[in-house]
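Student: Could you take me closely through one part of this structure, in a single connected account? Please give the cut-offs behind each term as you use it.

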Amino acid sequence: MASDNDAIHERLIEDLRGRLQHTIKVEDVLPYLHFIEPARQEQISQKLNTDGPASAANLLISVVVEKPHTEGWFRAFVDALHHGGSEFAADCLLNPPDPDVVAENDCCVRLIQLLAPSLVDMKTDEVCNHCFSRKLLTDVENEKILAETRNHGNGSGARVLLSRIVRCRPGWFSEFLEILRITGHHHLYELTGGSPECEKLKNGAAAEEKAQAESGQSEESMEITVTEGPEEDSTGLYASPDLSKLMEDLQLDMRDSPQAGTTRGGPENTEIVLRDYQMEVARPALEGENIIICLPTGSGKTRVAVYITQKHLDRRRAEGKPGKVVVLVNKIPLVEQHFSTEFSPFLKPTYKVERVSGDSQLKISFTKIVERNDIIICTAQILENYLERANSGEDEGVKLSDLTLIVIDECHHTQKGGVYNHIMMRYLKQKHKNVKLKKEQKETVQLPQILGLTASPGVGGANTLNKAEEHILRICANLDASKIMTRSLGKDKKEQRKSILTVEPRREDPFGCVIKTIMHAIHAHAQLSPTCELGSQNYEQWVVQEERQAAKKGEQTVRVCAEYLRRYNEGLILSNTIRMCDALSYLNKFHEEQMKKKTAPDEELNIQITPTERFIFTLFEDNKKELEKLAKDPNYENDSLAKLRTKILHEFSSRKEARGIIFTKTRHSAISLSQWIQENSKFADIGVKPSHVIGGGDQSDTKPMTAAEQKDVLKKFKSGELNLLIATTVAEEGLDIPDCNFVIRYGHVTNEIAMIQSQGRGRAEDSTYTVVDVKNSGVAEKECVNEYREEMMNKAIQKIKALNQPEYNKQITEYQIQAIMEERVRLVKQKKKAVKVESPSAVTFSCRNCNQDVCSGEDIQIIENMHSVNVSPQFSKLFTQRENIALQERRLDYDTNGVIACKACGQNWGSMMMYRGIELPCLQVKNFVVNINGIKNSNYNKWSELPVKFPAFDYINHASLMVLSLDDEETE
């Protein structure tokens with residue numbers, strides 16, 4: 001009889017499998033299924049982590065109905081469903097609800113599915129508490145939702161909440177509707193049930209349900225799904241208009257990752273389909289070989305890498321072996337881009353995908369991240385840091401043997417002293433050690449497969465085909481590549497129309513003449529005789545060298561003049577690139593900053609203005625009105641700007657939907673060009689919507705862009721809110737920028753790699769690529785050279801591909817051994833350089849500007865191996881403190897409060913920092929002339945460059961002295 005009942009129960013469960021699969025809360029039910037062995041429970045948990053709740057519920061059901069059964073197994077299963085908050089699933093098994101009730105419930109579920117993008121904007125904490133008090137959520141669910149909301153925001157918590165309540169007993173919808181009303185979500189209340197419009201929507205959903213039922217669609221299609229991702233991406237939750245495949249399940253894949261990116265469906269509902277040329281270049285990697293894939297920008301290299309990664313992990317899983325893939329990038333924004341647009345959408349939930357960058361707090365637990373995930377996307381420096389930690393024994397770190405595949409994006413950087421090369425040098429050393437171990441019949445160390453991606457390996461400045469071939473072979477050797485894979489795109493290739501716009505010399509340049517007159521006057525004052533043209537890069541190099549020599553010799557007049565000449569030269573270059581008013585603004589701002597240096601916060605303090613400085617200030621003031629007058633006259637603007645204006649107007653007036661990028665050299669010119677376009681009504685009239693994109697480093701005087709700001713601009717560009725980007729080189733390589741139909745390089749050309757990558761930005765049909773020349777830039781000539789080098793590169797690649805494999809392998813091995821030997825020599829030199837042979841007492845520092853003696857090396861102490869401070873009482877009398885908002889950024893446990901400057905001349909020396917409650921003057925060595933044993937040096941930029949080991953800052957001793965000093969003051 002028991003066996004008959006078992007058969008009936010099995011058939012009942014199987015008949016209801018589709019509904020149970022989407023109503024069982026696996027995570028909550030599993031602990032109550034005591035009749036399932038721990039090993040099988042672990043298997044189900046693993047399925048939940050890798051494939052999501054629907055697949056896990058399906059496996060759970062299969063395990064429950066497996067024979068032989070224990071006595072009372074069906075009752076135990078129903079009880080577990082009750083205790084685990086899956087009452088509706090239990091009801092279906094014991095007391096099947098009325099079909100009309102089920103249909104109404106399915107309609108409500110579908111309605112939530114349709115309105116999910118709006119519902120995620122709810123006040124999750126409030127709604128969750130009310131749902132819990134009304135028993136729509138269990139205690140465990142309540143805590144989980146609140147934790148998700150705290151950690152990842154309302155949107156993420158709301159998605160989990162919605163995934164739970166739709167599994168409740170019928171009747172939950174009216175309760176949820178009431179909760180929305182009493183928590184003040186009136187617009188959501190009306191949207192879901194409080195208005196006639198909603199009734200129409202519900203009726204439409206019911207009709208759709210009926211139509212699907214009539215077409216034979218099973219209840220399995222009732223899945224509700226929302227992808228993981230930031231709240232602002234919630235409108236892109238649905239990967240398919242087919243509601244039966246909207247997503248995998250509303251319940252998020254919670255796993256270990258704190259946040260996931262926007263998905264377009266996982267492997268269960270999205271097949272990666274490669275084009276013929278993509279499959280051809282991928283084939284050797286699919287067979288386990290190390291290769292370089294060289295395809296143009298926009299031809300889908302990253303998608304090929306995702307496909308190879310998937311097949312690699314699939315194969316290892318089928319073989320019962322662990323798989324671990326690390327995807328390396330060289331820029332922080334690329335981490336999120338690869339995660340959210342490529343690897344996560346296609347490989348989750350089958351595999352765990354995580355991303356880590358310098359901006360991420362996860363980097364402190366990188367070892368654990370590698371252990372817990374199948375695919376890790378990170379900046380290369382993070383992996384290098386943890387490889388070094390493992391090598392030095394600092395902690396377990398990460399070893400190359402922990403990984404099975406390394407994907408290296410923009411792999412042409414795997415050369416010289418780059419971080420990619422440091423990682424691959426570890427690989428090559430171990431590879432050649434393995435050869436020795438194998439000969440000695442000892443166990444070798446397993447190494448990962450290597451996959452390099454690039455649009456162009458370049459020629460490394462080669463002037464001959466043989467040198468170009470050598471350069472590319474060295475990159476192949478550094479990546480241990482058995483092949484470099486290229487392929488003609490055939491019908492998929494989009495041809496560009498290319499042109500170079502040369503400029504006519506100005507007939508008159510009175511603005512530039514005034515600046516040159518000022519510069520000649522300064523030359524005479526400092527007795528300087530330049531040998532190169534003013535307003536050129538050669539002049540800048542000459543004047544920088546003059547400044548360094550003058551600082552070293554203590555010649556203040558020459559040093560000050562050289563600093564101002566460098567700025568005037570930049571002003572001349574700007575006047576040939578952007579508007580004259582922008583160039584004047586640049587010069588004016590610099591003079592204002594210099595004047596502020598001469599103004600002390602303490603009115604009693606008189607900072608000396610030298611005769612030379614007074615001469616330069618007066619010289620600028622005497623010519624300022626004339627410069628302002630000339631800057632307003634459009635007749636004197638440069639021809640480059642006129643050519644650029646004409647080109648932009650042509651592109652936007654001749655195309656139905658124009659979208660383009662202008663590449664320029666400096667951040668200042670990018671911002672200025674963007675402002676110029678915004679202020680010109682002619683551009684607005686034809687629909688030009690511009691913005692700038694610049695880098696995030698702090699190498700220049702112009703304020704950098706944060707990663708969030710870059711992302712925001714690119715998002716607007718992708719959506720069409722913007723249609724013209726003015727960018728520095730940050731946009732040339734890697735960043736996910738939509739297809740453009742025109743690219744302009746404005747007065748800035750570097751090498752053939754940059755040329756190929758920027759051309760690759762123009763991927764739309766009928767796209768154009770234009771180079772606009774700028775006076776003294778030489779871009780027209782450089783572009784011609786780059787075209788020749790691109791042709792030479794392609795020929796070199798073909799020669800390499802024509803080599804028979806033994807000959808190729810021989811050359812690769814030779815270059816690898818040479819690279820290892822060169823690395824050993826470099827390390828020996830580095831160790832010698834690292835030896836700090838000089839005593840601090842042998843070093844003195846003087847002000848770079850006025851040459852005043854400042855301190856001895858014995859006064860310098862180091863905080864956290866980074867920050868050099870001087871806490872001597874004598875030093876505090878030599879500087880004045882000035883506010884600097886730009887420096888007020890938090891760093892670890894100290895704050896920067898302002899700049900410190902020489903009391904005598906106003907030269908910046910560094911900044912004040914707050915370290916553990918103590919204010920300390922922190923010095924920048926570049927602001928001083930360093931004298932070591934009587935030899936002066938003005939070229940130091942970092943303290944680490946000095947051959948001196950300074951003592952660590954004694955916090956306890958200094959804090960104790962300060963406390964005693966304060967006690968003495970209170971006693972007095």
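**Rings and the parallel sheet**

Tutor: R355 sits over the face of F339, 3.9 Å from the ring centre (NZ of Lys or CZ of Arg within 6 Å of the centre and within 35 degrees of the ring normal). The model is predicted, so local features need pLDDT of at least 70 and side-chain atom pairs pLDDT 80 or more, while totals for chains, interfaces and linings use all residues. Residues are numbered from 1 along each chain as its sequence is written, and side-chain values use heavy atoms, without hydrogens or water.

In a similar arrangement, R389 lies over the face of Y386, at 4.3 Å from the ring centre. Aromatic pairs (Phe, Tyr or six-membered Trp ring centres within 6.5 Å; stacked under 30 degrees between planes, edge-to-face over 60, the rest tilted) number 16 by this rule. Among them is the tilted pair of F366 and Y386, whose centres are 5.2 Å apart and whose planes make 50°. Because F366 belongs to helix α18 (residues 366–372) and Y386 to helix α19 (residues 380–392), this pair ties together parts that are 20 residues apart in sequence. Here helices (H or I, at least four residues) and strands (E, at least two) are DSSP runs, numbered from the N terminus. Both F366 and Y386 are buried (under 20% relative accessible area, against over 50% for exposed and partly exposed in between, with a 1.4 Å probe and protein chains only).

Turning to the sheet, seven strands form an open sheet with parallel pairing, in the order β3-β4-β2-β5-β6-β1-β7, where pairing requires at least two DSSP bridges. At its edges, β3 (353–356) and β7 (483–485) each pair on one side only, and from one strand to the next the twist averages 15°. Three bridges join β7 to strand β1 (residues 291–294), with the two running parallel, and I292 has I484 in β7 as its bridge partner.

Two helices lie across these strands (contact means heavy atoms within 4.5 Å; angles, from 0 to 180 degrees, compare N-to-C directions of lines fitted to C-alpha atoms, for helices over the stretch in contact). Helix α16 (residues 301–318) lies across β1, β2 (325–329), β4 (375–379), β5 (405–408) and β6 (449–454), and runs at about 170° to β6. Helix α20 (residues 419–439) lies across β2, β5 and β6, and runs at about 145° to β2.
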